[in-house]
Amino acid sequence: MKKKLLFAAVVVVLASVTTMVSNAKQSELKKSEIVSEAVEALYSSETANTGPSYTATCSGGGTKKLCASSNRHPCTETDCF
């Protein structure tokens with residue numbers, strides 16, 4: 001009877017340790033994903049088309065974006081639309 005109780009206790013302890021290790025690994029994966037998303041967001045905001053610009057009226061009645069000459073950030077001019 002004592003052997004069965006000891007065996008059951010060992011099984012419970014091993015199951016608990018396994019669960020704790022598994023949860024710790026999942027937590028690390030979530031942290032890693034969050035850090036990756038944060039880095040990607042920072043990178044995309046640094047490389048976005050954020051340079052100073054102004055809107056110009058086209059001869060056909062549309063508008064287009066023109067980059068300002070004092071531009072030190074990336075800027076892409078657009079065609080008339």
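Okay, let's start in the strands: Thr55 has Lys65 as its bridge partner in β2. Before I go on, keep in mind that what's on screen is a predicted model.

So what holds that pair of strands together? Strand β1 covers residues 53-57, strand β2 covers residues 63-67, and 5 bridges join them. The two strands run antiparallel. Another of those pairings is Thr57, whose bridge partner in β2 is Thr63. Between the strands of this hairpin there are 5 residues, and Gly61 takes a positive phi there, near 100 degrees.

Now stay in β2 and find Cys67, because that's where this residue sits, and because I'd like to ask about its cover: is Cys67 buried or exposed? Cys67 counts as buried, since its relative accessibility is 19% and the cut-off for buried is under 20%. What does Cys67 touch, once you skip residues up to four places away in sequence? You get Pro52, Ser53 and Tyr54, and then Cys75, Thr76 and Glu77. If you want a distance to check on screen, take Cys67 and Thr55: they're 12 residues apart along the chain, with their C-alpha atoms separated by 8.8 Å. That's the Thr55 we opened with, the bridge partner of Lys65.

Next, slide along to Phe81, in the segment after β2. Which residues does Phe81 contact, leaving aside its neighbours within four places in sequence? The answer is Gly62, Thr63 and Lys64. Thr63 and Phe81 are 18 residues apart along the chain, yet 5.8 Å separates their C-alpha atoms. And remember, Thr63 is also the partner of Thr57. Even with those contacts, Phe81 counts as exposed, because its relative accessibility is 68% and exposed means over 50%.

Okay, over to the helix. Helix α1 takes in residues 2-46, and Leu14 is found in it. Why call Leu14 exposed? Because its relative accessible area is 52%, and the line for exposed is over 50%. Leu14 also has company: with Leu6 and Val10, Leu14 forms a nonpolar patch on the surface. Together those three have about 290 Å² of accessible area.

Let's zoom out to the whole chain. The secondary structure comes to 1 helix and 2 strands, and reading along the sequence you get α-β-β. How much of the chain is buried? Of the 81 residues, 9% count as buried, and Cys67 is one that meets that label. The chain exposes about 7000 Å², with carbon and sulfur atoms supplying 63% of that.

Last number from me, on contacts. Take the ones with a separation of 6 or more: residues 24 or more positions apart account for 12% of them.

That's my tour, so over to you.

Notes
Residues are numbered from 1 along each chain as its sequence is written. This is a predicted model: local features need pLDDT of at least 70, side-chain atom pairs count only at pLDDT 80 or more; totals for chains, interfaces and linings use all residues. Side-chain values use heavy atoms; hydrogens and water are left out. Two strands pair if DSSP finds at least two bridges between them. Helices (H or I, at least four residues) and strands (E, at least two) are DSSP runs, numbered from the N terminus. Patches are made of residues with over 30% relative accessible area and no salt bridge: like charges are joined within 9 Å, nonpolar side chains (Val, Leu, Ile, Met, Phe, Trp, Tyr) within 5 Å. Accessible areas come from the Shrake-Rupley method with a 1.4 Å probe; for residues, only the protein chains shown count as cover. A salt bridge is a side-chain nitrogen of Lys or Arg within 4 Å of a carboxyl oxygen of Asp or Glu. Buried means under 20% relative accessible area, exposed over 50%, partly exposed in between (1.4 Å probe, protein chains only). Contact means heavy atoms within 4.5 Å.
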